[in-house]
Amino acid sequence: MKKLLKSPWLELTTLCVVVTLSYIALALISKGAETPPGGMSLNNVALLTFGFFLLSFAIAVIAVMTGIGGGVLFTPLMLAFTPIDSLTVRGTGLIVAMFSGLISSGPFLKSGLGNLKLAIYCSIGYGLGAFIGAQGAIFVSDQLGSTGEGFVRLSLGIIVLSLSLYFFRGGAKSDWPQAKQVGRFDKWLNLPHQYYEESLDKVITYRVTRAAWGLLTIVGVGVISGFYGMGAGWAIVPVMNLVMATPLKVAAASSGILIGIGDCISVWPYILAGAVIPSFAALWLVGQVAGGIIGSRILITIKAGSVRVILIGILLFSSFGLVTKGLTTLGYISEVRGPVYIAVLLAIVAGVALSLTGKFPKLKSGR
Amino acid sequence: MEEPKIPLPQIVYGKIVYWLCLIAAFICAIGPVMGMAFSDNNLLNPHYLFFAIWEGSKPEVVWQEVGGGFPGGHFWMHNLNTWDGFTQLGLVIGCSSAFLALLGSSIAYLRQKPRAYGWALIALFVAAMVLVAAVGIYRV
């Protein structure tokens, strides 16, 4: 009980109580409410928005734990399974990605797991790349049409699949990479950091290397993000981890902080164009904040190997979506239906669950 | 075991963003629900709004058909007495939180010993990018 009166549980409980009471009140009001002709009944509106809140909460827990940003899960799910317009989905998707990143920044930075300098440094490349990517999307759309988009989507899917295989084969090496050489530029940036790792009960000191290459790669990630109008946490984590030799958990935490900053820039054109509809986006925001607090607490305490397993699952699902979309756009296969996506998702979830319970020994973390 | 000291700019950035997001979340939790309960006090009547969204209408069509046209991204300034204006205020607070937090961390970089002028400038630069986007100069 005492724990509930301390931060972050106090604010989390208060927020959940406010949401629950609001919906109980709304359910009572909706019983006697009249539905205007051509409108949706209050009861249905309440059910729909409460469903959005619960889904958003679940997305945030997973997204924050793995540092991918909620948009990567939200956007494909909404586009695949709801009739909602894609611009509304993309605008709200940025809100989802941004708030899962922003709310987790506090706990991550306070615990030392997140590295603010690293996030700010990478956000310059991310912002620049996203701008170039958005311009590129217009160019490709004008010049190459759907064929160009299909090729890019397919190639991206293959890259994501390769990354997931690398994480699978690389095993525990990618959990705690060692920076063998630190260049002059890396030293000038002064990015080394240390934090207390709860799962190991020890202080971890790490160095960041290849900062210039990292920034260049993040520009590329930003280009992809801007090109497709989707979050890029799934790519930022591998870049920080594999290129800059940042420990996987630090990469996941810093990626969340970076997404929070980066999407604070990229969401505004959507808001100013009216693509973010306040009453629709707001409930998703609340779910992200509540779920983000839980997700950040989990990431601080769980083992790095578990983060890698979940990340592999998400990368596999993303690559499946990208490859099938690419092949569909190029006309090689017919459109993949929703149930197929669900079946693949369930198979991947089952695989991840088996790995987390130790059934796939190769994925167990060392150290 | 003694835990390492966390740099001041990290603490400042984290606290500002965390509390501003929570304020935004409380506003966004109350705003839409009150808007549904008192549906006449909105720019966009929720009965028609959610019907139009679920129909797959484009945002400009939603604004046009339900609200008589898009009043601009900062419509909350003149519509704080409506529930969706109030909700938009929550969104704006959250979407601007990184700007204020980066300003705060920039000051913290200058106050810590030794002073990190370079990092203070980089944080200010990124904060300026958020500001420029929020006022509508940066458009894609």
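**A walk through the two-chain model**

Let's start with a bit of sheet: strand 1 (residues 193-197) of chain A pairs with strand 2 (residues 202-206) of chain A in the antiparallel sense, over 5 bridges. If you want a register mark, look for Tyr195(A), which stands opposite Ile204(A) in strand 2 of chain A. The two strands form a hairpin with 4 residues between them. In that turn sits Asp201(A), with a positive phi of about 55°.

Keep in mind that this is a predicted model. For the complex, the predictor gives an ipTM of 0.93 and a pTM of 0.84. Chain B comes with a mean pLDDT of 91, and 97% of its residues reach 70 or more.

Staying in chain A, now turn to a pair of helices. Helix 4 (residues 86-111) of chain A packs against helix 12 (residues 278-301) of chain A at an angle of about 35°, and their axes are 8 Å apart. The crossing of these two helices is right-handed. On the helix 4 side of chain A, the contact residues include Ile95(A), Phe99(A), Ile103(A), Pro107(A) and Phe108(A). Helix 12 of chain A answers with residues including Phe280(A), Trp284(A), Leu285(A), Gly292(A), Gly295(A) and Arg297(A). Sort the residues of this contact by character and you get 13 nonpolar, 8 polar and 1 charged.

Next, chain B. What does it have by way of helices and strands? It has 5 helices and 0 strands, so from the N terminus on the order simply reads α-α-α-α-α. Its radius of gyration is 20 Å, well over the 14 Å that the globule rule gives for 140 residues, so chain B is more spread out than a compact globule. Along the principal axes, the C-alpha trace of chain B spans about 60 × 40 × 25 Å.

Finally, see how the two chains meet. The contact takes 67 residues from chain B and 68 residues from chain A. On the chain B side, the elements that give two or more residues are helix 1 (8-37), helix 2 (46-55), helix 3 (59-67), helix 4 (83-111) and helix 5 (117-135) of chain B. Which of them gives the most? That would be helix 1 of chain B, with 22 residues. As for chemistry, the chain B side that touches chain A divides into 45 nonpolar, 15 polar and 7 charged residues.

Terms used: Residues numbered from 1 in each chain as written. Chains lettered and ligands numbered in written order. Predicted model: local features only at pLDDT ≥ 70, side-chain atom pairs only at ≥ 80, totals over all residues. Contact = placed C-beta atoms within 7 Å. Nonpolar A, V, L, I, M, F, W, Y, C, P; charged D, E, K, R; others polar. Axes fitted to C-alpha atoms, helices over the stretch in contact; angles between N-to-C directions. Left-handed = near helix turned anticlockwise from the far one by under 90°. Pairing = 2+ DSSP bridges. pLDDT = per-residue confidence, 0-100. Rg over C-alpha atoms; globule rule 2.2 N^0.38 Å.
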